[in-house]
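Q: I have a new structure open on my screen and would like to learn how to read it. Could you take me through it feature by feature?

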Amino acid sequence: MTAVAVAVVFAYHDVGVHCLNVLLARGVKVALVVTHEDNPSENIFFDSVAGLCAEHGIPSITPESADTPELLAQIGAIAPDFIFSFYYRNMLPPALLQLASRGAYNMHGSLLPKYRGRVPINWAVLHGETETGATLHAMTAKPDAGAIVGQTAVPILPDDTAYDVFRKVTVAAEQTLWNALPAMLDGSVAMLPNDLSKGSYYGRRVAADGLIDWQKPAQQIHNLVRAVAPPYPGAFELIGDDKITVLKTRMPVAGTDMDAALQGSTQNRIFDNGKLYLRCGDGRYLQILGITINDQDASLQQYLKYFAA
């Protein structure tokens with residue numbers, strides 16, 4: 001009888017929950033889960049890894065750091081076959097990775113080698129990509145740099161927000177792990193190179209990065225709004241003492257009668273039949289579909305008052 005594979009899992013967020021469920025469904029024994037304490041100041045819109053562990057009777061811990069002698073000793077005593085990281089937010093030290101006799105693997109939210117680093121889905125939307133996905137890869141000392149086990153692509157549609165894409169990538173992560181595990185467990189997995197020279201690395205984003213510059217081209221502004229739309233902090237502008245957050249925009253479809261009418265205008269703002277269009281730096285218009293003012297729901301008419309003579 002083939003021995004049951006033993007894993008230690010570092011996990012958080014929806015991807016952590018989905019991928020942990022895949023391990024259980026494939027018969028992997030999860031001996032320990034390392035996760036994070038929820039931050040009370042953060043918008044917790046995702047499922048709980050700790051809650052899933054409690055349901056299944058899996059031991060879970062929430063150390064502040066993954067790089068301590070105590071954690072190293074605890075995992076060393078387990079002697080896991082595999083270590084997995086599923087949207088865990090901290091880098092795992094090389095000494096810890098070496099404790100997995102059959103390898104340590106991470107699930108990353110992009111099609112590596114593109115968009116290595118932090119918040120890859122938000123960056124992909126911001127840059128107007130039409131495709132991203134999930135990649136399972138070997139962990140090394142360098143982030144998102146190890147050989148690729150498998151990956152699954154998903155489309156990014158023109159009006160998709162980062163959260164829309166994140167939900168697709170969560171399913172892609174589940175599919176990638178489900179498809180890869182049989183070969184990983186029987187030792188026949190074939191790794192693909194992760195050529196970093198063909199990719200890119202991006203750092204973290206902060207709320208202030210959502211400031212809108214209306215002199216930028218319409219497509220860039222639309223991408224910014226999509227990339228940071230709720231549940232993320234949002235794209236915003238400051239008018240006087242007020243913060244206006246633009247929740248959703250739409251690019252008028254090129255070649256349509258509406259687009260032709262807009263391009264024939266030189267007005268900075270057009271309010272027609274309850275629809276608001278703002279002119280951007282390249283002369284194209286964005287339709288504004290929703291706003292808040294100082295984090296409170298507001299109408300387009302309230303927004304227009306800021307531009308009154």
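The dialogue below goes from the whole chain to its sheet, its helices and a few backbone details.

Q: Let's start with the big picture. How many helices and strands does the chain have?
A: Happy to. Keep in mind that this is a predicted model. The chain holds 9 helices and 15 strands. Its C-alpha trace spans about 75 × 40 × 30 Å along the principal axes. Of the 309 residues, 46% count as buried. Among contacts between residues at least 6 apart in sequence, 69% join residues at least 24 apart.

Q: How do I read a sheet, and what is the strand order in the open sheet of 7 strands?
A: The general idea is that strands of a sheet pair through backbone hydrogen bonds, in either a parallel or an antiparallel way. Here the order is β3-β2-β1-β4-β5-β7-β8, and the pairing is mixed. β3 (60–61) and β8 (148–155) are at the edges with a single partner strand each, so one side of each has no neighbour in the sheet.

Q: Which strands does β4 pair with, on the one hand over 5 bridges and on the other over 4 bridges?
A: The 5 bridges link β4 to strand β1 (residues 6–11), in the parallel sense. The 4 bridges join β4 (residues 82–86) to β5 (residues 104–108), and these two strands also run parallel. You can follow the pairing residue by residue: I83 of β4 is the bridge partner of V8, and I83 also stands opposite A104 in β5. One step along, F84 stands opposite Y105 in β5.

Q: Is β4 enclosed or open, and which residues cover its faces?
A: To judge this, look at burial on each side of the strand. On one side are F82, F84 and F86, on the other I83 and S85, and all are buried. With 5 of the 5 residues buried, β4 is therefore largely enclosed by the rest of the structure.

Q: Now for helices. What do I look at when two of them pack together?
A: Two packed helices are described by the angle between their axes and by the distance between those axes. Take helix α1 (residues 13–25) and α6: the angle is about 25 degrees and the axes are 9 Å apart. Angles under 35 degrees count as roughly parallel, so α1 and α6 are roughly parallel to each other. The crossing of α1 past α6 is right-handed.

Q: Which residues make that contact?
A: From α1 they are H13, D14, V15, H18, C19, V22, L23 and A25, and from α6 they are F166, T170, A173, E174, L177, W178 and L181. By type, the residues of this contact divide into 10 nonpolar, 3 polar and 2 charged.

Q: How many residues of helix α7 are buried, and what do they pack against?
A: Helix α7 (residues 218–228) is mostly covered, with 9 of its 11 residues buried. These are A218, I221, H222, N223, L224, V225, R226, A227 and V228. The buried residues pack against two helices, α5 (120–126) and α6 (162–186), and against the strands β10 (235–239), β11 (242–250) and β14 (285–293).

Q: Which backbone details deserve a second look?
A: The rule of thumb is that most residues other than glycine have a negative phi, and most peptide bonds are trans. Let's take the peptide bonds to begin with. A cis bond joins L112 and P113, with omega about 15 degrees, and P113 sits in the loop between β5 and β6 (116–117). Another cis bond runs from P230 to P231, with omega near 15 degrees; P231 is in the loop between α7 and β10.

Q: And where do I find a positive phi in a residue other than glycine?
A: One case is H13, with a phi of about 70 degrees. H13 lies in helix α1. Another is D144, whose phi is near 55 degrees, in the loop between β7 (131–138) and β8.

Q: Are H13 and D144 buried or exposed?
A: Buried means under 20% relative accessible area. H13 has 9%, so H13 is buried. D144 has 10% relative accessibility and therefore counts as buried too. You met H13 earlier, among the α1 residues in contact with α6.

Definitions and conventions
Residues are numbered from 1 along each chain as its sequence is written. This is a predicted model: local features need pLDDT of at least 70, side-chain atom pairs count only at pLDDT 80 or more; totals for chains, interfaces and linings use all residues. Side-chain values use heavy atoms; hydrogens and water are left out. Two strands pair if DSSP finds at least two bridges between them. Buried means under 20% relative accessible area, exposed over 50%, partly exposed in between (1.4 Å probe, protein chains only). Contact means heavy atoms within 4.5 Å. Axes are lines fitted to C-alpha atoms, for helices over the stretch in contact, and angles run from 0 to 180 degrees between N-to-C directions. Angles under 35 degrees count as roughly parallel, over 145 as roughly antiparallel, 65 to 115 as roughly perpendicular and the rest as oblique. A crossing is left-handed if the near helix is turned anticlockwise from the far one by less than a right angle, and right-handed if clockwise. Ala, Val, Leu, Ile, Met, Phe, Trp, Tyr, Cys and Pro count as nonpolar, Asp, Glu, Lys and Arg as charged, and the others, Gly among them, as polar.
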